[in-house]
Amino acid sequence: MKKIFLVNGSPNKDGNTADALRVVEGVLKENDLDTFWFHLGKSPVHGCVNCRYCAKVHRCAFRDDLCNELIEGFLEADGIIVGTPVYFAGPNGALCALLDRVFYATANFGQMLKDKPAAAVATCWRAGATPSIDRLNKYFMYSQMPVVSSDYWNGYLGSRDGFGTGVLRTLGENMAAMVQGM
Ligand SMILES: Cc1cc2nc3c(=O)[nH]c(=O)nc-3n(C[C@H](O)[C@H](O)[C@H](O)COP(=O)(O)O)c2cc1C
């Protein structure tokens, strides 16, 4: 069974970002896809220091945070959905610190994620979802990963956001179709 990697880029394991990803997950499961999760959590993460250790081994030299675990998930997945809370109209900085290292190791030095469908989802209180999604899409587009779309931008305002829930459900349908070869 094909597997979709759900990356919760929030420090909260059960917050709005996880809730948004669970909406997509429900549709993926209805379409016979398996899922597995990554939670960023609250532990500190390093930023990239451009040591280039990853150029040959495609793993990060820092082993005391979640970067290498995240790399394994990206490599194992057939499709990827990255969720973030909006912080000052951008993605969570800790998530970007990890993703800089994931994509430097796997894409800059090898294009190892090429052809894996991916999408970004952002949750917010009021505004800033679209620049956050744009920022996350940059990682995928750099890496030759097809960006899966919905029928609106993938912003989500919480469990009472009926419109956002519909957008996320459509995203799940489109991810399933893409991964299963249409
Ligand atoms: C540091 C910080 C900055 C935030 N900036 C924004 C913002 O620019 N726009 C917005 O609508 N919400 C903002 N929020 C609210 C969060 O995006 C929102 O509560 C989000 O759904 C939290 O997701 P979570 O429950 O998965 O952690 C901010 C929250 C924090 C902690």
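## Ligand contacts

An oxygen atom of the ligand lies 2.8 Å from a polar backbone atom of asparagine 16. The model is predicted, and the distances in this report are computed from its atoms. Two other residues also place a backbone N or O atom by a ligand oxygen: for arginine 126 the distance is 2.5 Å, and for tryptophan 125 the distance is 3.0 Å. Taken alone, the ligand exposes 650 Å², and the protein buries 70% of that area.

Two elements each give two or more residues to the shell around the ligand, namely helix 1, residues 16-30, and strand 3, residues 79-87. Of the elements, strand 3 contributes the most, with three residues.

## Composition of the ligand shell

The ligand is surrounded by 15 residues. The closest of them are Ser10, Thr17, Val86, Arg126 and Ala127. Arg126 is thus among the closest residues and also supplies the backbone atom at 2.5 Å from a ligand oxygen.

By class, the shell holds eight nonpolar residues, six polar residues and one charged residue.

## Overall fold

The chain contains six helices and six strands. Along the sequence they follow the order β-α-β-α-α-β-β-α-β-α-β-α. Strand 3 and helix 1, which both contribute to the ligand shell, belong to this series.

The C-alpha atoms fill a box of roughly 45 × 35 × 25 Å along the principal axes. A compact globule of 182 residues would have a radius of gyration near 16 Å, so the 15 Å of this chain agrees with that expectation.

## Largest pocket

The largest pocket holds about 150 Å³ of space. Its lining is made up of 13 residues, and those nearest the pocket centre are Ala129, Tyr152, Trp153, Gly155 and Tyr156.

Three elements each supply at least two residues of this lining: helix 5 (129-142), strand 6 (155-156) and helix 6 (162-179). Sorted by class, the lining of the largest pocket has seven nonpolar, four polar and two charged residues.

## Internal cavity

How many cavities of 30 Å³ or more does the chain contain? The count comes to one. About 120 Å³ of space lies in the largest cavity.

The largest cavity is lined by 14 residues. Nearest its centre are four cysteines, Cys48, Cys51, Cys54 and Cys60, together with Arg101. Helix 4, residues 93-108, provides the largest share of the lining, with three residues. The lining of this cavity comprises 10 nonpolar residues, one polar residue and three charged residues.

Methods:
Residues are numbered from 1 along each chain as its sequence is written. This is a predicted model: local features need pLDDT of at least 70, side-chain atom pairs count only at pLDDT 80 or more; totals for chains, interfaces and linings use all residues. Side-chain values use heavy atoms; hydrogens and water are left out. A residue is near a molecule or strand if one of its heavy atoms lies within 4 Å of it. A polar contact is a pair of N or O atoms within 3.5 Å; within protein, one must be able to donate a hydrogen and the other to accept it, and residues adjacent in sequence count only if both atoms are side-chain atoms. Accessible areas come from the Shrake-Rupley method with a 1.4 Å probe; for residues, only the protein chains shown count as cover. Helices (H or I, at least four residues) and strands (E, at least two) are DSSP runs, numbered from the N terminus. Ala, Val, Leu, Ile, Met, Phe, Trp, Tyr, Cys and Pro count as nonpolar, Asp, Glu, Lys and Arg as charged, and the others, Gly among them, as polar. On a 1 Å grid over the protein atoms alone, a cavity is a set of points where a 1.4 Å probe fits but cannot get out, and a pocket is an open set with protein on both sides within 12 Å along at least five of seven lines; lining residues have an atom within 4 Å of a point. Grid points are joined across faces, edges and corners, and a volume is the space filled by probe spheres set on the points. The radius of gyration is taken over C-alpha atoms; the globule rule is 2.2 Å times the number of residues to the power 0.38.
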